[in-house]
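Reader: I should like to learn how the terms used for a protein model are justified. Please take me through them one at a time.

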Amino acid sequence: MYKYSDFDTTFVAERNKQFRGQIERRVSGALTEDEFKPLRLMNGLYLQLHAYMLRVAVPYGTLRSAQMRRFADVADTWDKGYGHFTTRQNIQFNWPKLNDVPDILESLAEVQIHAIQTSGNTIRNVTADHFAGAAADELADPRPVAELIRQWSTDHPEFQFMPRKFKIAITGSANDRAVTKAHDIGLRVVEQNGELGFEVIVGGGLGRTPMIGKVLVDFLPREDLLPYLEAVVSVWNEIGRRDNKYKARIKITVHEHGIDAIRALVDARFAEVKPEFSGVDMAYLSQFEDAFAEPVYATRSVDAYDIAYKNDPVFRSWADTNLSAHRAEGYSIATISLKAHGKTPGDATSAQMRVMASLAERFGHDELRVSHEQNIILPHVHKSNLPQIHAELSQVGLGTANIGLISDIIACPGMDYCALATARSIPIAQEIAERFDALKIEHDIGHLQIKISGCINACGHHHVGHIGILGLDRAGVENYQITLGGDATLDAAIGQRAGPGFSAAEIVPAIERLVLTYLDVRLSPEETFLSTFRRLGLAPFKATLYPEVKAHAA
Amino acid sequence: MPRPVLPKVITANALIEGDVVYMTAKGVWSRCLSDAEIIDDEADAQIRLLDASAQSGDVVGVYLLDVKAGPNGAEPVHFREAFRRTGPSNYLHGKQEGLGHV
């Protein structure tokens, strides 16, 4: 993994020192809130409903055990003993006090973690496939490139006051686990004539105007990546709309100008920018590739796994849902569910964080990942260690076998925390998970992604949920709209609105009707909810959601 | 149809802790909505808002919230303010923890 250079260490320390001074000046009255607000946002500090919230970047979702352990220490020392992992592979602390934030940031800096550019109209934390460097289906580990982009974008002088925020995601696999088509720029490693390069997708995004990204260039040579990214962001920075924040994202720019016009502008800008890159970026990339060298894998028996799999039905269930194919013989990728039924999606207590850190240290080459699905991953574990890993996870409530199932719900913090929210998300996620757990049909239902947002900004990715739920305020009452058929993968699709929304009391029964209808109409247990929806369309689901309308029509 | 003008309470977040606070009749901030001064006159509310906003060393994000009068003082009209008064619904954190009264 990448380790900070002396330059990085000094840079982060200097920023933290500046922010400490800014906070002191705010408290002393030397800075007004209007002056202070942009400064705190540059350092990831929001003011939410009940408290401040500190958003800390987990670069491209990759963590060492010491960093996870430090999150636990921060949670215990300055917060309420837990942290919330987000859909952008960040961690959020919900209860920091303003005057403790400098100490928190200094503590995080000791383990090479910061909160710079986790807010504001800047290039945000670059997200990546959470199986990067481990997935069996991967062409190349995207993290060296993600680190290159991080260093290029951090404090980039041209890109500190852009029309709006800018989000980049990257995957090195054919299977898109990074939702690249719903980002301002999505990058996919592709191969052409034996050379690796990038497909560049631009103008995707969710929020109030959801759009699937469009291909800007289908093969970009590696050495052109940074100048090309600089050209894209530069073009948008110049022509992107600053008159209306709802029309400021690059998806609107691409939509208004057309992808061909944008491509022409980018190409022209690229021609200017490219000569300014001396090749030093490729030298750095080469260093980062060394830093992300594959671990040395062991070759040994997997008997312990086979025996546990055969004899322990609880372990078998967990192995069937939570393990993914690793590229190395005898290894697995283990996903730790932060979605225990009835718990808050994405939350981990300090005790849970310490257990995950310890498992990574002892059995996982010291690596952990945060997924955009708000789970934690041990990317490199030998199968023989899995029974013990599962046992230790189970002791602290982390043994839930539900990855990809209906209770593995993405939910934004919603109105329980977020100042922008129009309704709550968390209680809806908790109730859905508990309901289907009680019905004991979760495994029978199979792969089904529910994603819940508590406002139109769509942090909960509801547009790309197989079932999406959007919480709104309708005349002073929480109201939940359902969308169906969304897809976050390479076949990305925006879900279709099913019809009028449901009250907080009605939404869980509505989801239940929907799912029971799916079980009725699917051709076989192998036909997923999404496939069934694609075959049949909205009609049977609308009929079950709105039976009174059907009765009225008849 | 014009919306009826509801009584107001001045609210903000405490500068250091971020806690939701309300302005009392004595001109000091309280954590409890029931301590808040209910302002019926709209013009008066606007002036009091200006005065409260000037206390920027103690609070951040000062605004007027709609309330109705209840037996224990001001009651929120909107669910957002009901959550601000107590805390999140997934944990007993925020103002609902510790203090028995809200």
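Author: Let us begin with one side chain: that of A:Ser337 reaches the backbone nitrogen of A:Lys339 at 3.0 Å. The model is a predicted one, in which local features need pLDDT of at least 70 and side-chain atom pairs count only at pLDDT 80 or more, while totals for chains, interfaces and linings use all residues. Residues are numbered from 1 along each chain as its sequence is written, chains are lettered from A and ligands numbered from 1 in the order in which they are written, and side-chain values use heavy atoms, with hydrogens and water left out.

Reader: What makes the approach of the side chain of A:Ser337 to the side chain of A:Asn402 a polar contact?

Author: A polar contact is a pair of N or O atoms within 3.5 Å; within protein, one must be able to donate a hydrogen and the other to accept it, and residues adjacent in sequence count only if both atoms are side-chain atoms. The two side chains, of A:Ser337 and A:Asn402, make such a contact at 2.7 Å. A:Ser337 sits in the loop between S12 and strand S13 (347–349) of chain A; helices (H or I, at least four residues) and strands (E, at least two) are DSSP runs, numbered from the N terminus.

Reader: Why is A:Ser337 called buried?

Author: Buried means under 20% relative accessible area, exposed over 50%, and partly exposed in between (1.4 Å probe, protein chains only). A:Ser337 has a relative accessible area of 0%, and therefore it is buried. Leaving aside residues up to four places away in sequence, A:Ser337 touches A:Asn322, A:Asn375, A:Leu398, A:Thr400, A:Asn402 and A:Ile403, where contact means heavy atoms within 4.5 Å.

Reader: Which residues of helix H11 of chain A are buried, and against what do they pack?

Author: In helix H11 (residues 313–322) of chain A, the buried residues are A:Phe315, A:Trp318, A:Ala319, A:Thr321 and A:Asn322. They pack against helix H10 (303–311), strand S11 (323–325), strand S12 (331–336), helix H13 (386–395) and helix H15 (442–445) of chain A. At the N-terminal end of H11(A), A:Asp312 acts as a cap, with a side-chain oxygen 3.0 Å from the backbone nitrogen of A:Val314.

Reader: How do you know that A:Cys412 is in no disulfide?

Author: A disulfide is a pair of cysteine sulfur atoms within 2.5 Å. By this rule there are zero disulfides over all chains. For A:Cys412 the nearest cysteine sulfur, that of A:Cys459, is 6.1 Å away. A:Cys412 has 9% relative accessibility, so it counts as buried.

Reader: What makes A:Glu256 and A:Arg241 a salt bridge?

Author: A salt bridge is a side-chain nitrogen of Lys or Arg within 4 Å of a carboxyl oxygen of Asp or Glu. The side chains of A:Glu256 and A:Arg241 meet at 2.9 Å, N to O, and thus form one. The pair links distant parts of the chain: A:Glu256 is in helix H7 (residues 250–257) of chain A and A:Arg241 in the loop between helix H6 (225–239) and H7, 15 residues apart. Side chains of opposite charge can pair when their charged atoms come close.

Reader: Why are these two residues, A:Glu256 and A:Arg241, called partly exposed?

Author: A:Glu256 has 42% relative accessibility, so it counts as partly exposed. A:Arg241, at 24%, therefore counts as partly exposed too. By contrast, A:Asp141 and A:Arg143 are both buried, and their side chains meet in a salt bridge (2.8 Å, N to O).

Reader: How many salt bridges are there over all chains, and how many cross the interface of chain A and chain B?

Author: The rule gives 41 salt bridges over all chains, and it finds one across the interface of chain A and chain B. A:Lys80 forms a salt bridge with B:Glu97, the closest N and O atoms being 2.8 Å apart.

Reader: How do you know that chain A and chain B are in contact?

Author: In this model, 32 residues of chain A are in contact with 25 residues of chain B. The two chains bury about 2,300 Å² between them, 59% of it on carbon and sulfur atoms; buried area is the accessible area (1.4 Å probe) that two parts lose on being put together, summed over both. In chain A, A:Leu49, A:His50 and A:Met415 lose the most area to chain B, together 24% of what that side buries.
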